[in-house]
Amino acid sequence: MKILRTADPELAALLRKETLRQAAKLELVPWANYAPAAVLEALGSAAGNKAAEGAPGRRLESGCEHADAIERLAAERARRLFAAEYAGVQPHSGSAAVAAAYQALLKPGDTVLAPAGAAAAHGGPHSLAARSFFFVTYGVDPTTETFDPTALLALARKHRPRLIVAGAAAWPRRTDWAAFRAIADDVKAALLADIAPIAGLIAAQLLPGPAAVADVTVAATHQTLRGPRGGLLLARAAYAERLDRALAPGLQGAPLLNALAAKAAAFRAAAGPEFAAYAAAAVRNAARLAAELAGLGWPLFTGGTDTHLVVLKLSRAGLVAPEAERRLDAAGITAARCLLPGDPGPDRASGLRLGTAAITTRGLGESEIVRIARFVHELLSPGAGAGDAARARIKNEIADWFDAFPIHRDLLA
């Protein structure tokens, strides 16, 4: 940031503070991660200067020969990575990918069957989709904390949705994509799979992917995929033209060419052995975190995890998730709330999401995971709210990892 420090010292100081925050804290927010240097370099490249509205070969301006090649490279790498017939790499975000899918598959007023706890773009009360479509939500059985296919089929037959959404942001288990496909076929609905939280684990073939059975799949290119913040569409070839048209000009203008280049770099990395080893380590770390927390007496949503995500049930400690977030953050640990069945709203959420994607990128392993579980236990146990000394001690212990597991050293130079 040498140039920026001279050109805009105020902004440079803020960016340095954020870089230091990332380096000094334990990032357990499940959708957070650290993009590698190659991705950040592509994201900051001169490609960001080029507008290239339209699709490759059909741009609305000249001078797009290299833009076409970059977008085609990113799309081809995504198709190979996820075994998809079509890949749309232009979405600026996961929400934009969802919106494009809805626009391509639905008409205003259509019914959508979506999971409770899905991303806000899937019919959240303030979302654009909620104004255009009628959403019916389904959840897990409160006793087994699993999706009941029989109950879901009955709900689908009752409401006859045009679209069924599978995949939830707070779901720590494998998803049976084929079961959702069978229900969608029964009521003649399209199937949309949302793999935003687990795209990297699917790319590493640690979890089954939905490309073979879903009509359209939406993903995020950050989170477990370790790319730039952005969205991705995967689909059967029959939907390609509709999705392209829905996205641009339907929702977006020109794509962010530098982001497309960064996505291409991320897809290439995700196809390699180093990424596969990283993804496997993230899953191992999550399993160890779940086991340690359970051993300390903490109940877990679904009883454990198959992914990088552990969901803590805070009712044991008489806590709501916002207070748990504050306690952890004061000690140098970030986490994210989530609604569990029966919760009245986000401010009274009783679920806390802990993810291992970012800390695994930093190189933390199972011995550090044991210490993290003890930190969480100490900070959230009854009576811990007044433990200023404990928070300071834990924060200092976490600071010791600053040099042992470094990130962003080049950005801090």
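Me: How many of the 5 residues of strand 11 are buried?
Reply: In strand 11, 4 of the 5 residues are buried, so the strand is largely enclosed by the rest of the structure; buried here means under 20% relative accessible area, with exposed over 50% and partly exposed in between, using a 1.4 Å probe and protein chains only. Helices (H or I, at least four residues) and strands (E, at least two) are DSSP runs, numbered from the N terminus.

Me: What kind of model is this, and how are the residues numbered?
Reply: This is a predicted model, in which local features need pLDDT of at least 70 and side-chain atom pairs count only at pLDDT 80 or more, while totals for chains, interfaces and linings use all residues. Residues are numbered from 1 along each chain as its sequence is written, and side-chain values use heavy atoms, with hydrogens and water left out.

Me: Back to the sheet: in what order do the 3 strands of the open sheet stand?
Reply: The order is 11-14-13, and the pairing is antiparallel, where two strands pair if DSSP finds at least two bridges between them. Strand 11 and strand 13 are the edges, each with a single partner strand, so one side of each has no neighbour in the sheet. From one strand to the next the twist averages 35°, an angle taken between N-to-C directions on a scale from 0 to 180 degrees, with axes that are lines fitted to C-alpha atoms, for helices over the stretch in contact.

Me: How many bridges hold strand 11 and strand 14 together?
Reply: Strand 11 (residues 309-313) pairs with strand 14 over 5 bridges in the antiparallel sense. Among the bridge partners, Lys313 goes with Gly351, Leu312 with Leu352, and Leu309 with Gly355. On strand 13 (residues 336-338), which pairs with strand 14 over 3 bridges, Arg337 has Leu352 as its bridge partner in strand 14.

Me: And strand 14 itself, which way do its residues point?
Reply: Gly351, Arg353 and Gly355 point one way from strand 14, whereas Leu352 and Leu354 point the other way, and all are buried. With 5 of its 5 residues buried, strand 14 (residues 351-355) is therefore largely enclosed by the rest of the structure.

Me: Which helix touches strand 13 and strand 14?
Reply: Helix 13 (residues 321-330) packs on the sheet and touches both strands, its direction making about 40° with that of strand 14; contact means heavy atoms within 4.5 Å. Its buried residues are Ala321, Pro322, Ala324, Glu325, Arg327 and Leu328, and the buried residues of helix 13 pack against strand 12 (333-334), strand 13, strand 14, helix 15 and helix 16. Just after helix 13, Gly332 takes a positive phi of about 95°.

Me: You mentioned helix 15 and helix 16; at what angle do their axes cross?
Reply: The axes of helix 15 (residues 366-380) and helix 16 (residues 388-399) cross at roughly 160° and come within 11 Å. The two helices are therefore roughly antiparallel to each other, on a scale where under 35 degrees is roughly parallel, over 145 roughly antiparallel, 65 to 115 roughly perpendicular and the rest oblique.

Me: Which residues make the contact?
Reply: Helix 15 contributes Arg371, Phe375, Glu378 and Leu379, and helix 16 contributes Ala390, Arg391, Arg393, Ile394, Glu397 and Ile398. The residues of this contact divide into 5 nonpolar, no polar and 5 charged, where Ala, Val, Leu, Ile, Met, Phe, Trp, Tyr, Cys and Pro count as nonpolar, Asp, Glu, Lys and Arg as charged, and the others, Gly among them, as polar.

Me: Changing topic, what is the order of the 7 strands in the other open sheet?
Reply: The 7 strands form an open sheet in the order 4-10-9-8-7-5-6, with mixed pairing. Its edge strands are strand 4 (86-88) and strand 6 (134-138), each pairing on one side only. Strand 7 (residues 163-166) and strand 8 (residues 190-194) run parallel and are joined by 4 bridges, with Leu163 standing opposite Ala190 in strand 8.

Me: Last one: is Ala52 buried or exposed?
Reply: Ala52 has 1% relative accessibility and therefore counts as buried. Ala52 is found in the loop between helix 3 (37-43) and strand 2 (54-55). Ala52 and Pro255 are 203 residues apart in sequence, yet their C-alpha atoms are 6.6 Å apart in space.
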